[in-house]
Amino acid sequence: MIEVVLHEPEIPQNTGSVARLCAATKTPLHLIRPLGFSLADRYLKRAGLDYWPHVNLSVWECFDEFLAARPGSRVVAATAGNRGQAATAYHELAYGPDDALVFGTESRGLPERLIEAAGARVRIPIWGQVRSLNLANAASVVLYEALRRRGELDGK
């Protein structure tokens, strides 16, 4: 099953929006500490509305702990590519059934070591002066494309 991973998210509203996305698509959500907010944060809860009971949520102390629990998963690192990383456009990647779609912090993105160790890297093409998309928007774009490519959008 495809999963969404937020590595050290900083903004509760973004995480709440991604949680709602995951509830809507029955996609597991993993949060890697440290978090830039409390899980009791009112903005986090408000962005997720009343969907929190439907979120398959796991919180990990570090990314290595997450990886150890997912030995068969391929890490698909989302990168803006603005630091020179080569990445496949998100709509051209062949997604696997056990892919972990990993998104970095809002201010820094993913650490270089994580991008380099990923089994695949994806980017969302951006034109103009914008460096990257909002975290929740990027997660939505990539997740729905992965589900579409896997044939999982047929009313499930």
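Contact here means heavy atoms within 4.5 Å. With that settled, here are the legends for this predicted model.

**Figure 1. The whole protein chain, with five helices and seven strands.** Starting at the N terminus and reading along the sequence, you will meet the elements in the order β-α-β-α-β-α-β-β-β-α-β-α. The C-alpha trace spans about 35 × 35 × 35 Å along its principal axes. For 156 residues, a compact globule would have a radius of gyration near 15 Å, and the 14 Å of the protein chain agrees with that. Of these 156 residues, 44% count as buried. Among contacts with a separation of 6 or more, 81% join residues 24 or more positions apart.

**Figure 2. The surface of the protein chain and its charged side chains.** About 8100 Å² is exposed, and carbon and sulfur atoms supply 50% of this area. The protein chain carries 18 positive and 17 negative side chains. If you take the centre of each set, the two centres lie 4 Å apart.

**Figure 3. Helix α1, residues 12–25.** From its first C-alpha to its last, this helix of 14 residues reaches 20 Å, close to the 20 Å expected at 1.5 Å a residue. Is α1 largely enclosed or open? Because 10 of its 14 residues are buried, α1 is largely enclosed by the rest of the structure. The buried set includes P12 and N14 towards the start of the numbering, and also L21, C22, A23 and T25. T15, G16, V18 and A19 are buried members of α1 too.

**Figure 4. Two residues with positive phi, E8 and K26.** Most residues other than glycine have a negative phi, so positive values deserve a look. E8 sits in the loop between β1 (3–7) and α1, and its phi is about 50 degrees. K26 follows α1 and lies in the loop between α1 and β2; its phi is near 55 degrees. How exposed are these two residues? E8 counts as partly exposed, at 21% relative accessibility, a value to read against the cut-off of under 20% for buried. K26 counts as exposed, at 65%.

**Figure 5. The cis peptide bond from R33 to P34.** Most peptide bonds are trans. Here, however, omega is near 0 degrees, and the bond from R33 to P34 is cis. P34 belongs to the loop between β2 (29–32) and α2.

**Figure 6. R42 in helix α2, residues 42–48.** R42 has a relative accessible area of 59%, so it counts as exposed. How far is R42 from P12, C-alpha to C-alpha? The two are 30 residues apart in sequence and 8.5 Å apart in space. P12 is itself one of the buried residues of α1.

**Figure 7. L93 and the residues that L93 touches.** L93 is found in the loop between β5 (88–89) and β6 (99–103). With a relative accessible area of 9%, L93 is buried, since buried means under 20%. Which residues does L93 touch, leaving aside those up to four places away in sequence? They are R74, V76, T88, A120, V122 and R149. W127 offers another reference point: L93 and W127 are 34 residues apart in sequence and 20 Å apart in space, C-alpha to C-alpha.

Conventions:
Residues are numbered from 1 along each chain as its sequence is written. This is a predicted model: local features need pLDDT of at least 70, side-chain atom pairs count only at pLDDT 80 or more; totals for chains, interfaces and linings use all residues. Side-chain values use heavy atoms; hydrogens and water are left out. Helices (H or I, at least four residues) and strands (E, at least two) are DSSP runs, numbered from the N terminus. The radius of gyration is taken over C-alpha atoms; the globule rule is 2.2 Å times the number of residues to the power 0.38. Buried means under 20% relative accessible area, exposed over 50%, partly exposed in between (1.4 Å probe, protein chains only). Accessible areas come from the Shrake-Rupley method with a 1.4 Å probe; for residues, only the protein chains shown count as cover. Lys and Arg count as positive and Asp and Glu as negative; His and the chain ends are not counted. The place of a charge is taken as NZ of Lys, CZ of Arg, CG of Asp or CD of Glu. The expected span of a helix is 1.5 Å times one less than its number of residues.
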